[in-house]
Structures are given as structure tokens and as C-alpha cells.
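Q: Please pick one part of this model and take me through it closely. I'd like a connected story rather than a list.

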Amino acid sequence: MLKERHMEYNDLIVVCGDPIKDVYLKEALDENQKIRTEEIIIRPGGALNVLDNVASLIGKHNLWFEPKEIPQDIYTIIRPSMVNREIFLTEQSKKLTHYSESEIDVDSALRYFDKNFDRTAIVFADYNKGMLNKQKYKNEIKHEFDFCLVDSKYKSINLDLLKSCKVKIWHATGEEYCPSYAKNFDWVLHTNAEKPILLKRDNEVIVSIDVPSTEPTNTCGAGDTFTAATASFLLRKVTEINIDTLSQAAEFARDCCQEVITDPYTAATTANL
């Protein structure tokens, strides 16, 4: 069921995961025909990009990010594979010290706001950097979230983190989809670049949603936008998660992605709910 738009909302969305910096190197050939870096552009990546997209979509007042202390040494370097060509390669840093030492305390969001919300959601943005991959956490999540949306790039998230969520949704991309892993979730949204978005349940395709053939400038971070937009729509615009509302959320998220892939760098959608 869709909700009517109101000026004020009594809801909360928690974004939890690996904060990453996307570092773009703009390069050119110098007079000696050697590659040199002309400019460095840094954009929020990983869970920080999810956070930026959610903030754009629903605002900052109903939003919480965990961990509270953001490590500074996890980053992605994105550079042209050849000079003057818009083809990007990604190198992941191996620095995991801060992540292995950091702790998450999701329930701190509820203690901070100290109020009862009509609806709550949590987004887990897992890039296998250590924040969501521990075998045991000091603080078990006690709050019962209406739903969680999981983007686990390497299927590496500690599934115990999802136990307190009423409805579990997995955003799987490309070849990440795994039928046995999908059994941990009530619903799966399977995206694969320009191919149709597939809504699955019990490993069966229920709905197929077409994707426009937009020529992308840069697709880095588009998956984060899809995750953020889907979660924001389900929190802000619907009262029940079912085939129809998930399809509507996926269509909205698809349109948000069509915007960000035209940006040369990791970007947040300008849409809002």
C-alpha cells in the first residue's frame, strides 16, 4: 500500500557499513610523454555513498550512520585505464586496521533520538572491509527493524546482524547472485547493468523490470544509489512490503541510477521523496 506524502515523517533509516573514499585521478601526458596526475577528485564511496544518497532522498533529520568514528584509510583508486579514455579500473586498498578495531552500535541511534518511530529500516552496505564481517560483535542489535536491505558485495556479511529485521531484502548485482545465499532473505532484487531488474522470491523470478539503454559516463557507485533509493522508497512511500511495492521501489531506484551514471564521478541522486 502506498502512503500519501506528508510534510513530516516519524521514521528512521540507519545506514551501516564500510565507509570508503573514491579517489579519481585525472591524468594526462606531459611533454616527455609520461603520465602525470593533473587533478585528484575525492567522492564518498561505499557506505558513505549510500549515506549521501539517502540524505538526498529523505533528508538528514531521519538518518543515522554507523560506525560513528569513520576510518580514514580505506579507499578506492579509480583511474583511466588509458589516457583520455573513460574506462575505469579499481584497486582496493588492503588497509583494514581501523575496521578490525572499530565497533558498531546500531541501537545507539534509538537511544540518541529517544522516541518511538512509526517505521524503521536499516541498510547494510558490506564491501568485505571488516566492518560487517566479524564473527562476534560486542553490541547485539536489539531493535526490531521493519526491514533491512543488504548489499553484500562478496556475500561476506555476518548474517547474525539481520536477526532483528522483520523483512530481509538482498540487493544482488551481476554474478554475485547465489541461489543458496538467497535463501537467507525474503526477497531479492537482482540488478545487472543494463539488463532487466529481477525481483525474486524463493529463487523464482516474480517480476522483470526493464532498464533504459542510457549511455553511461561512469557506473561507479550506481549500485549504492540503487540500494539507497530502494530502501528510502520502502521506508517513506509504502506501509507494506509486497510484490507491487517492491516493484515500484525498484522502478524508482532504476530512475535514480539513470541520473547518476551520467556523472563522471561517484554521485548522489538529486531525487527526493
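A: First, the vocabulary: helices (H or I, at least four residues) and strands (E, at least two) are DSSP runs, numbered from the N terminus. This is a predicted model, where local features need pLDDT of at least 70 and side-chain atom pairs count only at 80 or more, while totals for chains, interfaces and linings use all residues. Residues are numbered from 1 along each chain as its sequence is written, and side-chain values use heavy atoms, leaving out hydrogens and water.

Let's take the sheet, what packs on it, and the loops at its edges. The chain has 6 helices and 12 strands, and 8 of the strands form an open sheet with mixed pairing, in the order 4-1-7-8-9-10-11-12. Two strands pair if DSSP finds at least two bridges between them. The edges are strand 4 (63–66) and strand 12 (204–209), each of which pairs on one side only. On average, and ignoring direction, neighbouring strands here are turned by 20 degrees against each other.

For a piece of the interior, look at strand 9 (165–173) and strand 10 (187–192): they run parallel and are joined by 5 bridges. Ile169 has Trp187, in strand 10, as its bridge partner.

Now the helices. Helix 1 (47–58) lies across strand 1 (11–17), strand 4 and strand 7 (119–126), at about 165 degrees to strand 1. (Axes are lines fitted to C-alpha atoms, for helices over the stretch in contact; angles run from 0 to 180 degrees between N-to-C directions.) Helix 5 (222–236) packs on the sheet too, touching strands 1, 7, 8 (145–152), 9, 10 and 11 (195–201), and its direction makes about 170 degrees with that of strand 8. Helix 5 also has a helical partner: its axis and that of helix 6 (243–260) come within 8 Å and cross at roughly 140 degrees. Residues of helix 5 in this contact (heavy atoms within 4.5 Å) include Phe226, Ala229 and Phe233, and those of helix 6 include Leu246, Phe252 and Cys256.

At one edge, strand 4 is followed by the loop leading to strand 5 (75–80), and Pro67 sits in that loop. The peptide bond from Glu66 to Pro67 is cis, with omega near 20 degrees. Glu103, in the loop between helix 2 (97–101) and helix 3 (108–113), is in contact with Glu66 and Pro67, as well as Lys134, Tyr137 and Lys138, leaving aside neighbours within four places in sequence. Its C-alpha is 9.0 Å from that of Lys68, although the two residues are 35 apart in sequence. Glu103 is partly exposed at 27% relative accessibility; buried means under 20%, exposed over 50%, and partly exposed in between (1.4 Å probe, protein chains only).

At the other edge, the loop between strand 11 and strand 12 holds Asp202 and Asn203. Most residues other than glycine have a negative phi, and most peptide bonds are trans. Asp202 has a positive phi of about 55 degrees, and Asn203 has one near 65 degrees. Asp202 is exposed at 68% relative accessible area, whereas Asn203 is partly exposed at 29%.

To put this in the setting of the whole chain, buried residues make up 53% of its 273 residues. Of the contacts between residues at least 6 apart in sequence, 65% join residues at least 24 apart.
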